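Please open the structure in a viewer and keep the selection panel at hand. The stops below are to be taken in order.

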Amino acid sequence: MADEKKLFKVTIDNITIEVEPGTSILNAARKIGGDVAPPAMCYYTTLKGSGGKCRTCLVEVAAGSTADPRPMPKLVASCRTNVMDGMVVKNITSDKVIDARNGVVEFLLINHPLDCPICDQAGECSLQDLGYEHGKEGTRYEFARRTFEKHDMGPYIQLHMTRCIMCFRCVYAADQLTEKRQHGILDRGDHAEIATYIQKSLDHDFIGNIIDVCPVGALTDKTFRFKNRVWFLKPVDAHRNCSHAKCSGKVTLWYRGEEVFRVTARKDQWGEVKDFICNECRFEKKATADWEIEGPTLVSRHSVISQGHYVGVERPQEVLYDVLDGRKPQLLMDIHSVSEVDRPEIDLSKINGPAHSTDFEPHEARGLNPTSQAGNPWNTGKLEKQ
Amino acid sequence: MSRKLLLDKANVQGIRTYDVYRREGGYASVEKALKMTPDQVTEEVKKSGLRGRGGAGFPTGLKWSFLAKPEGVPRHLVCNADESEPGTFKDRYLMEFLPHLLIEGLIVSSYALGSKVTYIYIRGEYAWIPEILETAIAEARANGWLGKNILGTGFDCEIYVHTGAGAYICGEETALLESLEGKRGNPRIKPPFPAVKGVWDRPTVVNNVETLAAIVPIMNIGGEEYVKIGVGKSTGTKLISACGNINKPGVYEIDMTISVEEFIYSDEYCGGIPNGKRLKACIPGGSSVPILPANLLLKTVKGEKRLMNYESLSDGGFAKGSMLGSGGFIVLDEDQCVVRNTLTLARFYRHESCGQCSPCREGTGWMEKILRNIDTGKGKKSDIDLLWDIQRKIEGNTICPLGDAAAWPIAAAIRHFRDEFEWHVDNPQECLVRNYGLAHYADPLEVVAPA
Amino acid sequence: MIKFSEEKLKKVGEIITRYPEGKQKSAIIPVLHMAQDEFGGWLSAESMDYVATLLQLEPIEVYEVATFYSMFNLKPVGRYVFEVCQTGPCMVRGCDDIIDYIKKKLNIAVGETTPDGLFTLKTVECLGACGYAPMMQLGKYFRENLTPEKVDSIIEECRQKAATNN
């Protein structure tokens with residue numbers, strides 16, 4: 001290299017790397033990767049001004065720099081603090097950080113509805129991952145969770161304000177990708193919300209990207225709503241020549257069988273989009289014929305989405321019959337023919353009082369003719385054996 | 001009698017008007033300062049040891065010296081008149097009764113900092129004060145103290161009043177600058193600090209009203225003379241706004257050598273506690289500083305008399321001390337309920353949280369709800385520990401000091417009055433009809449029996 | 001269509017000149033105060049949109065600001081709004097009793113307006129009058145050291161003012 005740039009040495013969790021001046025602690029840690037990279041709920045590389053708010057990426061700076069090795073008095077937001085030469089940072093090696101992060105996760109969850117079973121974001125939700133890694137079982141919060149009035153944001157975007165963690169990403173995205181911002185943060189404090197104030201649908205050509213930047217299920221794709229779980233879908237990279245000047249046309253198609261269930265922009269390993277796409281690509285082009293297929297999307301094997309894995313998959317050669325040593329699989333059987341307690345001829349609603357285990361002995365033991373209603377003890381209320 | 005530097009002329013008839021103010025020696029500091037270089041003025045302020053009167057107590061001269069001065073970029077001085085810390089109402093007094101003192105201080109400070117356009121950001125609720133200030137500004141302008149080429153020195157300066165609209169958080173300097181830019185009052189993430197990138201990305205200094213008013217006597221008597229008033233790093237005089245259970249609530253100027261005991265009980269200041277009641281506790285520096293029980297308030301842990309200054313009030317750290325803060329002095333007598341008082345403060349901070357960062361947004365509301373349960377007899381013993389843990393997880397982990405300000409009063413209340421919290425839990429019926437009383441905090445003073 | 005008078009528009013223009021060129025957004029809070037005073041004591045969406053037009057801003061920028069600051073009323077209020085402080089120092093001096101008294105006297109709860117549209121009762125956080133507690137803000141001014149008798153006379157004063165102004 002002709003002109004050598006002076007690089008900064010930074011040590012994070014005892015691992016030393018060199019990065020360019022102006023790199024944030026978070027991005028330096030991401031270069032190391034793995035658990036050393038702090039979780040980030042609000043920071044988003046491509047959105048100017050983002051970060052610093054959620055406080056999940058707090059780290060301890062044990063030494064400021066070689067020139068001034070004093071530790072920083074407070075934990076700092078790694079996404080908004082730049083490295084200095086000789087800086088020593090502690091992330092997962094700091095008890096203070098772990099304690100504070102657990103606290104932040106608890107704060108983020110106390111008012112979260114935890115409605116993952118019906119949330120479209122489940123499976124690709126940063127808050128789910130965060131809660132899984134840093135959250136506790138159970139909650140210490142004993143009060144009613146916060147609710148909001150519902151706002152309709154038009155045909156493309158579904159807003160669930162109760163799930164929002166106030167990362168501000170969607171506001172930055174709207175600010176920076178569209179010329180005319182229509183939604184924003186209203187009210188303040190614990191009642192601050194994402195809204196348009198007057199009911200208005202968001203219809204700018206690039207507004208769909210706010211779905212992708214949302215770390216939780218607060219903003220989801222209305223055209224995909226309740227259609228499928230993401231882990232049943234197979235992501236495939238594709239592109240098209242989009243006529244929209246600012247649209248990259250590079251997307252991920254989410255297939256189930258032959259059907260494209262949804263289209264998203266491509267996310268990197270930190271869940272961030274580099275090339276944003278237009279609404280037409282996202283919402284209108286849901287046929288394979290619309291796209292040039294590039295191939296399967298690389299999915300981390302830790303992701304639940306990789307459950308539907310198919311890259312380099314090896315199908316088992318033997319059929320089930322062989323595996324069971326010639327026994328017939330009893331997976332699809334008629335419950336009536338194998339159950340010993342089933343009495344389909346009996347109307348359970350006619351039983352007086354709670355049923356007793358002896359009430360379900362096999363027909364033969366009771367000496368009853370199953371088809372004879374006359375001799376049915378249930379009809380007479382008698383319970384003694386005959 | 002303490003020496004008075006700010007309020008010495010407060011009782012002069014008509015001091016609010018320019019003519020009287022000038023007759024009483026007003027604007028002399030401007031004449032003096034404009035004959036010096038801006039750096040000499042800053043040097044004088046440094047010498048004076050003046051510390052920011054808004055609460056944090058950061059040395060003013062030092063703050064000024066941090067101001068970046070890039071070529072061709074305008075700089076601004078912004079006066080923080082967003083006084084909203086519960087217990088604090090001193091700046092209001094200054095602006096309402098001595099508007100010219102502030103304007104004079106602003107002109108000198110603007111000169112020192114090179115601010116050609118200076119703003120006073122005043123809280124919206126003080127709705128009648130902008131007019132008073134604007135009248136004073138107009139008078140000063142008419143008499144050549146503002147505008148172009150002041151006193152023929154080539155220094156231009158304008159002062160504008162900018163009103164807020166109800167947000168405690170705008171007292172935080174970066175939130176104030178956001179608000180001045182016409183945005184929501186969300187504090188900025190630092191660095192960059194305002195001294196480098198402030199309002200409209202220009203280098204900016206934000207100072208409290210009282211701090212800027214104090215520049216006037218500092219210029220008049222000189223920094224060295226100013227240091228002699230007071231002790232140690234608590235130089236000069238401080239305005240204390242006293243309220244709560246005292247006979248004479250109001251704004252007092254003290255030199256920082258008097259004792260807390262004298263301040264509460266002497267007739268010159270608070271005049272003691274009404275109805276012969278005894279002192280239970282005190283929040284000596286505005287609602288966010290730790291509450292102290294009587295025994296720790298009047299004497300430090302070493303058994304010395306506690307004085308009304310920065311060092312003495314914080315003697316013993318947060319465990320056994322408090323802070324001078326903004327000088328909002330709230331006295332609670334034996335009939336007051338610490339749990340209820342803490343609840344109102346928790347509610348205040350929940351209401352004033354901007355909602356930007358998670359610990360403050362979620363934590364303040366949670367603490368309020370738990371405190372409400374304890375206050376209304378629905379609390380559990382474990383709630384007290386839970387409160388402690390929540391405040392601990394907010395403190396130091398937020399973008400701005402509001403998180404700390406919300407955490408400290410709750411921590412201090414539990415630290416010193418845990419038995420009162422427990423009593424509320426153990427006596428859910430009784431706590432609705434009576435207060436806990438003084439508890440074991442022996443009041444060291446003899447109480448004169450009411451006549 | 002709402003509109004400021006010529007005089008008010010001149011004032012808006014003057015306010016804008018206080019800030020550097022292109023930074024007219026800074027005028028948003030002062031102009032919203034004017035709009036609230038002028039158009040019925042509260043900010044309707046129409047008022048806010050009007051302010052947005054005046055300052056060449058997107059309406060959402062105005063909504064964001066108006067909803068942040070507690071002095072802006074986003075719903076209609078009575079002609080006289082009693083904003084009683086309830087923070088610590090006022091609580092110590094008995095603001096709860098004053099609030100209860102006003103509630104009974106006007107027969108409304110906190111946040112409600114009397115049926116005649118004259119009075120709204122609000123509780124607010126610290127207004128910076130702790131030494132003169134209990135207190136409330138009424139319009140531009142503070143009413144301090146409140147007692148039930150003082151509250152009575154304030155209510156009477158408002159009623160008379162309303163009667164003569166109608």
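Select helix α7 of chain C, residues 148-165, in this predicted model. At 1.5 Å a residue its 18 residues should span 26 Å, and the end C-alpha atoms lie 26 Å apart, which agrees.

Next, show the side chains of V151(C), I154(C), I155(C), C158(C) and A162(C), which are buried in α7(C). Viewed down the axis of α7(C), the buried residues fall within an arc of 95°, so they line one face of the helix. Rotate to the face of α7(C) turned away from that buried side: the exposed residues E149(C), A163(C) and T164(C) are carried there. To see what covers the buried residues of α7(C), add elements of chain C, including β1 (80-85), α6 (95-106), β2 (119-124), β3 (136-138) and β4 (141-143).

Now move to chains A and B. Here 35 residues of chain B are in contact with 33 residues of chain A. About 2,900 Å² is buried between the two chains, and carbon and sulfur atoms give 51% of this area. Select E362(B), W366(B) and K393(B): they supply 23% of the area that chain B buries against chain A, more than any other three residues.

For the polar side of this interface, seven salt bridges are counted between chain B and chain A. One of them joins R146(A) to E362(B), with the closest N and O atoms 2.8 Å apart. Residue pairs in polar contact between chain B and chain A number 19.

Finally, colour α15 (338-352), α16 (358-375) and α17 (381-394) of chain B, the elements that each give two or more residues to the side touching chain A. Of these, α16(B) gives the most, with 10 residues.

Methods: Residues numbered from 1 in each chain as written. Chains lettered and ligands numbered in written order. Predicted model: local features only at pLDDT ≥ 70, side-chain atom pairs only at ≥ 80, totals over all residues. Heavy atoms only, no water. Helix = DSSP H or I, 4+ residues; strand = E, 2+ residues; numbered from the N terminus. Expected span 1.5 Å × (residues − 1). Buried < 20%, exposed > 50% of the residue type's maximum accessible area, 1.4 Å probe, protein only. Arc of directions from axis to C-beta. Contact = heavy atoms within 4.5 Å. Buried area = accessible area lost by both parts, 1.4 Å probe. Salt bridge = Lys/Arg side-chain N within 4 Å of Asp/Glu carboxyl O. Polar contact = N/O pair within 3.5 Å; in protein donor to acceptor, adjacent residues only side chain to side chain.
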